Amino acid sequence: MKKGRVWKYGDNVNTDVIFPGKYTYSVLDPEEMARHALEDLDPDFAQKVKPGDVIAAGRNFGCGSSREQAAACLKYAGVQAVIARSFARIFFRNAINQGLPVLQSGEAVDSIEDGEEIEINLALGKIETKKGVFSFSPFPESVSGILEEGGLIPYTKKKLEKNKERRC
Amino acid sequence: MGKTFSEKILGLKAGKEVQAGEVVTVSPDFILSHDNTAAIIKEFKKLGIKNVSRPQKLVIILDHVVPASSEEYALNHKTIREFVSEQKIKNFFDIHNGICHQVFSENGFALPGKLILGADSHTTSYGALGAFAAGIGRSEVASLWATDEIWLRVPETIKIEIDGVLPPGVYAKDIILKIIGEEGAERANYKAVEFTGEAAEKFSLSSRLVLANMTAEMGAKNGYFKPDEEILQWLKERAKDEFEVTASDPDASYEAVLHYDVSSLEPQVACPHTVDNVKPVSEVEGEEFHQALIGTCTNGRLEDLEVAARILKGKKVHPDVRVLVIPASRQEYLLALKKGVLEILVGAGCLILNPGCGPCLGAHQGILAPGEVALSTANRNFRGRMGSRDAQIFLASPATVAASSLEGRITDPRKFI
């Protein structure tokens, strides 16, 4: 996987600051969604984020609403992965279902500095930072399958097609 | 070793014995979605199949921006209505019914022992009626519509025993705010929260809904109360399906057992910008605000409106404060109307809005300007939630919001009881 610049944030980064509620039913276009990513936390982010960048944050990343746009807007903004000390449950599922890797490693988060370049290897479960290499548990097969397909919708589509073929 | 409620329900659905930590594949009994149904339809259409697999399981309730406040919202609603008709979805509730969690409950879908999944984080509410109910995302709902199955992790359970007798002027909302303040916004992440204890067992359905609803603010997957006789009676004429009350075994294994005695609890206030930033009202008294909101899926039922009306009866709200009242549903609206509750509130200078989510999620009907402060009975106070990112939101009980509306600043409601 390629290297990415880190945007570092604190604990409890919630879905309202990631993707404000006022846009949830009116902003549907991916590019426009990306322009609002993290708007109420860091207005600079959407303007300066580059494809392959990484978000590193503290505890309970993505707490709050079930809105999947919170995961989707980060993916559309080019974020390759989010590393956090912990993730809120629904965000964790939504991110996987959008094909956005979410990596839990408090050690990595402690070591990473805002703005540094890090390298992530999903298959090996490794995060390489300036200060060292940190591991995270690789995803179970059910989850990695969804990530490999780029999200739950393409994953389900493939599954439905396979079932259909079997029936034919 | 006995089983917890969550282990029992997910085990039943998976067709085998399960323990906390296991991942199971299950089919829910009902699947809720609201205005986000339009976005779900878009995902569903990508799957390359024509029909929803079990249309009878879908419950679609329009509530987030009702009636539509813009062309985009109107188009969303139109897309949903067309889909409902095309897929022959009979459990559809259009814009005049109220907030999804209230409407879902009062129409008898939230039933003891059922597995309910919804595209809304406050789906946890139905634990108030003894259901296993959790929030999921829109891709998952679209996928469920197609396949009727989903993976879920069986959650560990935190038992919260609530004992003592609530002092006058202190309510269910104060209890859950106190718990979230003590335990933190992440304490129950991925976990189930079960409420027991002599105080909790006496709670009305309305109060139980407040606690179950706000377990989401502790990160919980689901909340749970064992239904009592009164709730079973309430369900009798509403239940849309047969059901069986399921509860944890006495020797079930819990991740933690927490004890709260509410006998000396003070009214509580969640301060900006997190729900776990909770202080007793005495520490925030005097804080000025511009807009009050009494309503939402947390506190918009008759019980809440009555508490507010008792405080506001024959008085006038402070001239510098706008007080918005939003009954949680048409049914609750009608009850409040018949009982004269709304007359008292209107007489006091409150503005009654139509049942729905209102400004709670910052989409319409009372958006905050930069620098403004709101005092709300809702469940979330994140930065920017009700409009400007430079606004502030305090959360409290309907009593605290009503009493504070008279003074124009945060006030201890116990003076008015």
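**A covered helix, two domains and an open sheet**

Helix α12 of chain B, residues 302-312, is mostly covered, with eight of its eleven residues buried. The model is a predicted one, and the description below starts from this helix before turning to the domains of chain B and then to chain A.

The buried positions of α12(B) are B:L302, B:D304, B:L305, B:V307, B:A308, B:A309, B:I311 and B:L312. An α-helix has 3.6 residues a turn, so residues three or four places apart point the same way. What lies over the buried residues of α12(B)? The cover includes two strands, β14 (291-295) and β15 (322-326) of chain B. It also includes the helices α11 (296-299), α13 (330-338), α14 (341-347) and α15 (398-407) of chain B. Just after α12(B), B:G314 adopts a positive phi of about 75°.

The domain assignment splits chain B into domain 1, covering 5-259, and domain 2, covering 268-416. Taken over C-alpha atoms, the centres of these two domains of chain B are 24 Å apart. Between them, 32 residues of domain 1 of chain B are in contact with 33 residues of domain 2 of chain B. On the domain 1 side of chain B that touches domain 2, α4 (100-106), α6 (172-183) and α8 (205-214) of chain B each supply at least two residues. Of the contributors to that side, α6(B) gives the most, with six residues. By residue type, this side of domain 1 of chain B consists of eleven nonpolar, 15 polar and six charged residues.

Chain A contains eight helices and seven strands. Its C-alpha trace spans about 55 × 40 × 25 Å along the principal axes. The radius of gyration of chain A is 16 Å, which agrees with the value near 15 Å for a compact globule of 168 residues. Of the 168 residues in chain A, 52% are buried. Among contacts in chain A with a separation of 6 or more, 68% are between residues 24 or more positions apart.

How are the strands of the sheet in chain A ordered? Seven strands of chain A form an open sheet, β4-β3-β2-β1-β5-β6-β7, with mixed pairing. At the edges stand β4 (102-104) and β7 (132-135) of chain A; each has a single partner strand, so one side of each is left without a neighbour in the sheet. Neighbouring strands of this sheet are turned against each other by 30° on average, direction ignored. Within the sheet, β1 (residues 3-8) and β5 (residues 117-121) of chain A run antiparallel and are joined by three bridges. Opposite A:K3 stands A:E119 in β5(A).

Note on methods
Residues numbered from 1 in each chain as written. Chains lettered and ligands numbered in written order. Predicted model: local features only at pLDDT ≥ 70, side-chain atom pairs only at ≥ 80, totals over all residues. Domains from an automatic or database assignment. Contact = placed C-beta atoms within 7 Å. Helix = DSSP H or I, 4+ residues; strand = E, 2+ residues; numbered from the N terminus. Nonpolar A, V, L, I, M, F, W, Y, C, P; charged D, E, K, R; others polar. Rg over C-alpha atoms; globule rule 2.2 N^0.38 Å. Buried ≥ 20, exposed ≤ 12 C-beta atoms within 10 Å, placed from the backbone. Pairing = 2+ DSSP bridges. Axes fitted to C-alpha atoms, helices over the stretch in contact; angles between N-to-C directions.
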